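User: Please take a close look at the ligand site in this model. I would also like a short account of two buried positions in the protein.

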Amino acid sequence: MSMTLRRLSRAATAGLVAAAALTAAAHSAEAADTLGSAAAGQGRYFGTAVAASHLGEADYTATLDREFSSVTPENEMKWDATEPSRGTFTFTSADRIVDHAQSQGMDVRGHTLVWHSQLPSWVGSLGASDLRTAMKDHINGLMGHYKGEIHSWDVVNEAFQDGGSGARRSSPFQDKLGDGFIEEAFRTARAADPAAKLCYNDYNTDGVNAKSNAVYNMVKDFKSRGVPIDCVGFQSHFNSNSPVPSDYRQNLQRFADLGVDVQITELDIEGSGSAQAADYTKVVEACLAVDRCAGMTVWGVTDKYSWRSSGTPLLFDGNYQEKPAYDAVLSALGGSGDPGDPGDPGDPGDGTASCTATYTRTADWNSGYNGQVTITAGDEPISTWTVTVTLPAQQSVSSLWNGTPTWNGNVMTVKPSWNGTLAAGASTGFGFTAAKNGSDAAPTVGTCTAS
Ligand code: G3I
C-alpha cells in the first residue's frame with residue numbers, strides 16, 4: 001500500500017477503532033477481562049509479537065484479537081524484509097500486520113530500524129559515506145511509510161556487546177560510522193515521524209550489569225545533550241540460564257528516572273506450571289511498580305510458534321489454551337476471569353498438566369540412606385511425569401524402584417516405570433538407596449513436569 005493510501009486508510013479506520021473501544025468499554029462491565037483490557041485498567045498496553053504468516057489461522061487470530069492491545073511484527077519490519085535491495089522497499093507482510101492491528105483497534109510497535117542482524121548483505125558492503133546515507137534512507141523509508149501509525153519504534157537494536165566490557169558490538173554501523181551512528185539514527189528518526197516514541201532496545205540489560213550500565217550511560221548522555229530518545233526497551237527473554245533478575249524493577253526505575261519511558265518488549269520465560277507463572281508475575285509487578293513502564297509485549301501468541309518453542313515460554317500453549325502463566329499475568333494486572341471458564345484466575349483446572357515433587361529420607365544408616373520422592377498431580381489428570389534429582393557429588397545410587405532413571409553426572413532424571421497415569425491431585429512416587437561416601441547431605445529435587 002502506498003504512503004498516501006496508508007494515511008487515508010488510517011483515517012478511515014480511526015472511526016472503527018473508536019467504535020471498537022466503546023464496545024469494549026461497555027462489554028467489560030459484564031465479561032471477563034483480557035490481557036489487553038486488564039492492562040488498560042492499569043494504564044498500560046499488553047502486546048504480542050505477530051507473524052503475518054499465521055494470520056490466516058483462525059485460532060491464532062481469534063486469540064490475538066481477543067487478548068492483545070498492541071502488536072509488534074516479529075520479523076516483517078526488519079531490514080531484510082523491507083529493503084532487500086537498496087532503495088527497493090517491500091511492505092506487503094508488514095502492511096498485513098498493521099492493517100489487521102488497525103482493524104482491531106490495536107496499537108503497533110515498530111521493530112526494528114537499525115540492527116546488525118537480519119541485514120541484507122548489500123548493507124555490509126557499503127563504504128562509510130554510502131552506509132550513512134543508506135541508514136538514513138532506510139529509516140526515512142520505513143518511518144515515512146508508517147508515519148503516524150506506530151506508537152513506538154525500536155530505532156536501534158542490540159548495539160552493545162554481552163559480557164562484562166560494556167563495549168559496543170561490532171556491526172557495519174559501529175565499525176564504519178563509530179559510536180555516533182546511534183545518535184544519527186535517533187535524530188533521523190525524530191524528523192521522520194515526530195509523533196512516534198523512539199526507543200533503544202536490547203537484551204541482557206534487564207538487571208543492573210555492565211551492559212545495562214553502558215546503555216544507561218548512553219541514555220543519560222543523550223538526555224543531557226538533547227539527542228531525541230523517548231524510551232528504552234528491555235527484551236526480557238528469560239530461562240534458567242538467564243532468570244528474571246532480582247533487581248529488575250530497580251533497573252527499570254533507574255532508566256525511568258533519566259526521563260525516558262521503559263517498555264518490556266519481547267517477554268518470554270521458558271518453563272511451565274506454577275514456577276513459570278510466578279516468574280511472569282514478577283515481571284508484570286515490576287512494570288506496574290514503575291510509573292513510566294508504558295507496557296509489555298510477549299514475544300509470540302502461542303508456544304508452538306515461539307522462537308524458543310521447546311521451552312514453552314509463552315502464555316498460551318500450542319492449542320491456544322491459557323496456561324497458569326496466563327492466569328498469573330491476568331491476575332497481576334488486576335483482571336478478573338469468567339467463573340465459567342476453567343482457564344481463568346482463581347478457577348480450578350486450567351487444562352494444563354502439572355505436578356509437584358517432594359523428597360523425604362525414609363531410612364538412614366552410617367554408610368547410606370533410602371530416599372523417597374512423592375509426585376502429586378496438579379488440578380488436571382496427567383499421563384506421565386519427569387523429575388530431576390541432583391545428588392551431592394560423592395553419593396551414588398545403588399538401586400531405584402517405581403521409576404526409570406537416566407544419568408548425567410550426579411543428576412538423575414526419573415520418569416515413571418508403571419505409574420505415570422495419575423488423577424488430578426493423586427500421588428505416586430519412587431524410592432532409591434544411596435551410598436553416602438562421606439557426604440550426608442540431602443539431594444536436591446528439581447521441578448516436576450507432566451503431560
Ligand atoms: O521465513 C523463512 C522460511 O521461509 C524458511 O524456510 C526458514 C528456514 O530457516 O526461515 C524462515 O525465516 C526465519 C524467520 O525467523 C521466520 O520464522 C529465519 O530463518 C529466522 O532466522 C528468523 O528468526 C527470527 C530471529 O529474530 C532472527 O534473528 C525469529 O523469528 C524472531 O523471533 C527473532 O526475534 C529477535 C528480535 O527480533 C530481536 N531480539 C531477539 C529476538 C529473538 O531472537
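Analyst: The ligand site comes first, followed by the two positions.

This is a predicted model, in which local features need pLDDT of at least 70, side-chain atom pairs count only at pLDDT 80 or more, and totals for chains, interfaces and linings use all residues. Residues are numbered from 1 along each chain as its sequence is written, and side-chain values use heavy atoms, with hydrogens and water left out.

Around the ligand there are 14 residues, counted when one of their heavy atoms lies within 4 Å of it. Glu 74, Lys 78, His 111, Glu 158 and Glu 266 come nearest. A polar side-chain atom of Glu 74 lies 2.4 Å from an oxygen atom of the ligand. For Lys 78 the corresponding distance to a ligand oxygen is 2.6 Å, and for His 111 it is 2.7 Å. The protein covers 44% of the 790 Å² of accessible area that the ligand has on its own (Shrake-Rupley method, 1.4 Å probe).

Thr 265 is found in strand E8, residues 261-269 (a DSSP run of at least two residues). Thr 265 is buried, at a relative accessible area of 0%; buried means under 20%, with a 1.4 Å probe and protein chains only. Its side chain is joined to that of Asn 201 by a polar contact of 2.7 Å (a pair of N or O atoms within 3.5 Å, one able to donate a hydrogen and the other to accept it).

His 145 belongs to helix H7, residues 128-145 (at least four residues). His 145 is also buried, at 3%, and its side chain makes a polar contact of 2.9 Å with the side chain of Asp 95.

Technical notes
Buried < 20%, exposed > 50% of the residue type's maximum accessible area, 1.4 Å probe, protein only.
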